[in-house]
Each structure stands twice: as C-alpha cells, then as structure tokens.
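Let's take a friendly walk through this model together. Keep the structure open beside you as you read.

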Amino acid sequence: MDPAAPDVPDVTHYRLPGILAARVVGAALVALAALVLVVTLLVATLGATPDLLVLVAGLGVLGLAVLGWWLRARAYLVRLDAEGYRVGLAFGVGVRSAAWREVADVGTTTLAGAPVVVLNLEAGGRTTLPVGALGEEREQLVRDLQQRLRHGHGLRPLRESGSDRDGGPAAS
C-alpha cells in the first residue's frame, strides 16, 4: 500500500444489500416451490416413488442456502483494488473492468430514473455503475472511486494554504 494513500484499503468489495439478496433468494424460493409442485404432480400421475420429491425438495433447499451465502459473502456489485475496478453482478454496464490509469473521468447522473456513476475511459468506452443498488454505501463508493483515481493517476490531494511541503504549518 502506498503511504500517500493510507485510508484506501487494498481491495474493497461493494456487495448486494441484504434486502436485494433476500429478493433474489425469495424469487428462487418461488421457483423451487413451482418445481416441487411439478415434481409432485409427476410423482402422483406416474405412480413413481416419493423419494424423487424428497430429493428435489432437499437439493432445492440446499441450493437456496448456498445461493443466500454466496450473495451475502462472495458475490459483489463492484470490486475496487489498487490496480483498477471489476464489475460483478450488475448487467448492461458497458466495460466490465479497467485499470485506474485508463479512466479519463468519473461523473454521476440518472439513467432510467436510477442514480448511476459513469466512468469514461481514455479509449472511448465507459462503465455505468448502478449505485442505487448499493443503498447507503453509494456515497462511500463515490469517495472510494475518487481516492483510487487520484492514486491511480499519481495525484496527491491538495494541501491547505499555509502549509509547507512537509505538511506542517508554513514558517512566518
């Protein structure tokens, strides 16, 4: 880690908020219920053993538990590190990853009624991050992006006037 940027962690993951993860797991639960209904009808009509139904339901519940764990612990919307960024779960974002030195500028806007951060790249591409999905963490993401961009381009924060080169008060 560069001592010039002590407040920037090596890697930051911005994950799916709990409420959105719960919605995804809830939708998967509804799909599992529909699958169990279909398997139940097949078992009843074909006179098959109910073991198939128990197997499908058991594997489905296990799958839901793994999905919930993955969404909360491993999956991410965006990953920032010292080298650049990578977009994870978001779709239709444009360029999914780039190094900080490739980023020309960053701005915020609203797209289809949702707040987004747009990273314009030197080569002409761009990445659109749906920050509305981050909830309260979206302001932190913007600050983190600004710090990492400054660091990635080799820029230092401006010093207050009245400071000397070492950061101490200026001699009178």
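## The four-stranded sheet

A good place to begin is an open sheet of four strands, ordered β1-β2-β3-β4 and paired in antiparallel fashion. At its edges stand β1 (11-14) and β4, each with a single partner strand, so one side of each has no neighbour in the sheet. Direction ignored, neighbouring strands here are turned by 10 degrees against each other on average. Please bear in mind that this is a predicted model.

Within the sheet, have a look at strand β2 (residues 78-81) and β3: the two run antiparallel and are joined by three bridges. Along this pairing, R79 stands opposite R86 in β3.

## An aromatic pair

How many aromatic pairs does the structure hold? There is one. The rings of Y85 and W100 have their centres 5.8 Å apart, and their planes meet at 45 degrees, so the pair counts as tilted. To be stacked, the planes would have to be under 30 degrees apart, and to be edge-to-face, over 60.

Where do the two partners sit in the chain? Y85 belongs to strand β3 (residues 84-87), while W100 is found in the loop between β4 (97-99) and β5 (103-111), so the pair ties together parts that are 15 residues apart in sequence. Are these two residues buried or exposed? Both Y85 and W100 are buried.

## T128 and its surroundings

Now move along to strand β7 (residues 126-130), which is home to T128. With a relative accessible area of 11%, T128 is buried, because the cut-off for that label is under 20%.

Which residues does T128 touch, once those up to four places away in sequence are set aside? The list is V93, L111, V116, V117 and V118.

## The chain as a whole

Stepping back, you can count three helices and seven strands in the chain. Read from the N terminus, the elements follow the pattern β-α-α-β-β-β-β-β-β-α.

Of the 172 residues in the chain, 26% are buried. The chain exposes about 11,100 Å², and carbon and sulfur atoms supply 60% of that area. As for contacts with a separation of 6 or more, 47% of them are between residues 24 or more positions apart.

Definitions and conventions
Residues are numbered from 1 along each chain as its sequence is written. This is a predicted model: local features need pLDDT of at least 70, side-chain atom pairs count only at pLDDT 80 or more; totals for chains, interfaces and linings use all residues. Side-chain values use heavy atoms; hydrogens and water are left out. Rings of Phe, Tyr and Trp (its six-membered ring) pair if their centres lie within 6.5 Å; planes under 30 degrees apart count as stacked, over 60 as edge-to-face and the rest as tilted. Buried means under 20% relative accessible area, exposed over 50%, partly exposed in between (1.4 Å probe, protein chains only). Contact means heavy atoms within 4.5 Å. Accessible areas come from the Shrake-Rupley method with a 1.4 Å probe; for residues, only the protein chains shown count as cover. Two strands pair if DSSP finds at least two bridges between them. Axes are lines fitted to C-alpha atoms, for helices over the stretch in contact, and angles run from 0 to 180 degrees between N-to-C directions.
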